Amino acid sequence: TITKDGYNPCEGSTTVTAGDVREIYETLDPIPDSAMVTFKSDPNKARVLVYGGNFSAMPSGLKDEIAAYLDLTTDSIDEASAHIQSIVGAETVAPAKFVLGFVGTTPFEMELHEGEYYYRYVLDGYDKTSGKFNVTPGNDKTILETMEPIQEYVQVYFETNIDDEEGASVSVDGEVQE
């Protein structure tokens, strides 16, 4: 058995005969510490803000503060990205395996390290969509969001040239409107 930290162990067997030289070569496979995450949306071209990773190396309460901000904000994704970075602060050095801000436009994929991640999809004319996911090393995943169009209603007033108390009857698609 051959072992090394960060690599999968390798096991095998061989026969050794007295007086013979036996050379054994084995390739050790690294243990993954990340996974590929694919971000997709329907329709495409949503901008995606991601923050997360291993929060244990970050200041206490940071995750909740960022989540609270994202729940209430109406900022653009660029403003939100900058604001999240200001919440973390210049004096806080995020771990190398931590993501903090705008990362791409759907569809795209990126390698993320083990940890807990939060995301927000933003597309003009559509409601913002948020969620969270966990990354387990070696388990690739796809985050697919169906964007809901923002419904805009138009109020219509009907007017005629007849100005009496009874008014005129209006119907839309055969239904009389009150």
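Which residues line the largest cavity? Before going there, keep in mind that this is a predicted model. The lining is made up of Thr73, Asp75, Ser76, Ile77, Ala80, Arg120, Val122 and Lys128. Two elements give two or more residues each to that lining, namely helix H2 (77–88) and strand S5 (115–122). By character, the lining residues split into three nonpolar, two polar and three charged. As for volume, the largest cavity comes to about 30 Å³, and a search through the whole structure turns up one cavity of 30 Å³ or more. The general idea behind such a search is that rolling a probe the size of a water molecule over the atoms shows where empty space is left.

Strand S5 is a good thread to follow from here. S5 is mostly covered, with eight of its eight residues buried. To see what flanks S5, look at the sheet around it: an open sheet of four strands, in the order S3-S2-S5-S6, with antiparallel pairing. Strand S3 (99–105) and S6 stand at the edges with a single partner strand each, so one side of each has no neighbour in the sheet. On average, neighbouring strands here are turned by 25° against each other, if you ignore direction.

Now take the two partners of S5 in turn. On one side, seven bridges join S2 to S5, and the two run antiparallel. If you want a place to start in the viewer, try Gly52, whose bridge partner in S5 is Tyr117. On the other side, seven bridges join S5 to strand S6 (residues 129–135), again in an antiparallel arrangement. Here Arg120 stands opposite Ser130 in S6, and Arg120 also turns up in the lining of the largest cavity. S5 and S6 form a hairpin with six residues between them. In the turn of that hairpin you'll find Gly125, which has a positive phi of about 85°.

The other sheet is an open one of three strands, ordered S4-S1-S7, and its pairing is mixed. At its edges stand S4 and strand S7 (141–146), each with a single partner strand, so one side of each is left without a neighbour in the sheet. Neighbouring strands of this sheet are turned by 25° against each other on average, direction ignored. S1 and S7 are joined by six bridges and run parallel. Along that pairing, Thr38 stands opposite Thr142 in S7.

While you're on S1, have a look at Ser41, which lies in this strand. Ser41 has a relative accessible area of 6%, and because the cut-off for buried is under 20%, Ser41 counts as buried. For a sense of reach, compare its position with that of Thr14: the two are 27 residues apart along the chain, and their C-alpha atoms are separated by 53 Å.

What about the aromatic rings? In general, a pair of aromatic rings is described by the distance of the centres and the angle of the planes. The count here comes to six aromatic pairs. One of them is Phe39 with Phe108: the ring centres are 5.0 Å apart and the planes are at 20°, so this pair is stacked. Phe39 sits in strand S1 (residues 34–42) and Phe108 in strand S4 (residues 108–113), so the pair ties together parts that are 69 residues apart in sequence. Phe39 and Phe108 are both buried.

Tyr51 and Tyr118 give another stacked pair, because their ring centres are 5.1 Å apart and their planes are at 15°. Tyr51 belongs to strand S2 (residues 47–53) and Tyr118 to S5, so here the parts tied together are 67 residues apart in sequence. Are these two tyrosines buried or exposed? Tyr51 counts as buried at 1% relative accessibility, and Tyr118 counts as buried at 15%.

Ring pairs also build a cluster, linking Phe39, Phe108, Tyr117, Tyr119, Tyr121 and Phe133. Two of these names should be familiar from the stacked pair of S1 and S4, namely Phe39 and Phe108. Tyr117 has come up as well, as the bridge partner of Gly52.

Technical notes. Residues are numbered from 1 along each chain as its sequence is written. This is a predicted model: local features need pLDDT of at least 70, side-chain atom pairs count only at pLDDT 80 or more; totals for chains, interfaces and linings use all residues. Side-chain values use heavy atoms; hydrogens and water are left out. On a 1 Å grid over the protein atoms alone, a cavity is a set of points where a 1.4 Å probe fits but cannot get out, and a pocket is an open set with protein on both sides within 12 Å along at least five of seven lines; lining residues have an atom within 4 Å of a point. Grid points are joined across faces, edges and corners, and a volume is the space filled by probe spheres set on the points. Ala, Val, Leu, Ile, Met, Phe, Trp, Tyr, Cys and Pro count as nonpolar, Asp, Glu, Lys and Arg as charged, and the others, Gly among them, as polar. Rings of Phe, Tyr and Trp (its six-membered ring) pair if their centres lie within 6.5 Å; planes under 30 degrees apart count as stacked, over 60 as edge-to-face and the rest as tilted. Buried means under 20% relative accessible area, exposed over 50%, partly exposed in between (1.4 Å probe, protein chains only). Two strands pair if DSSP finds at least two bridges between them. Axes are lines fitted to C-alpha atoms, for helices over the stretch in contact, and angles run from 0 to 180 degrees between N-to-C directions.
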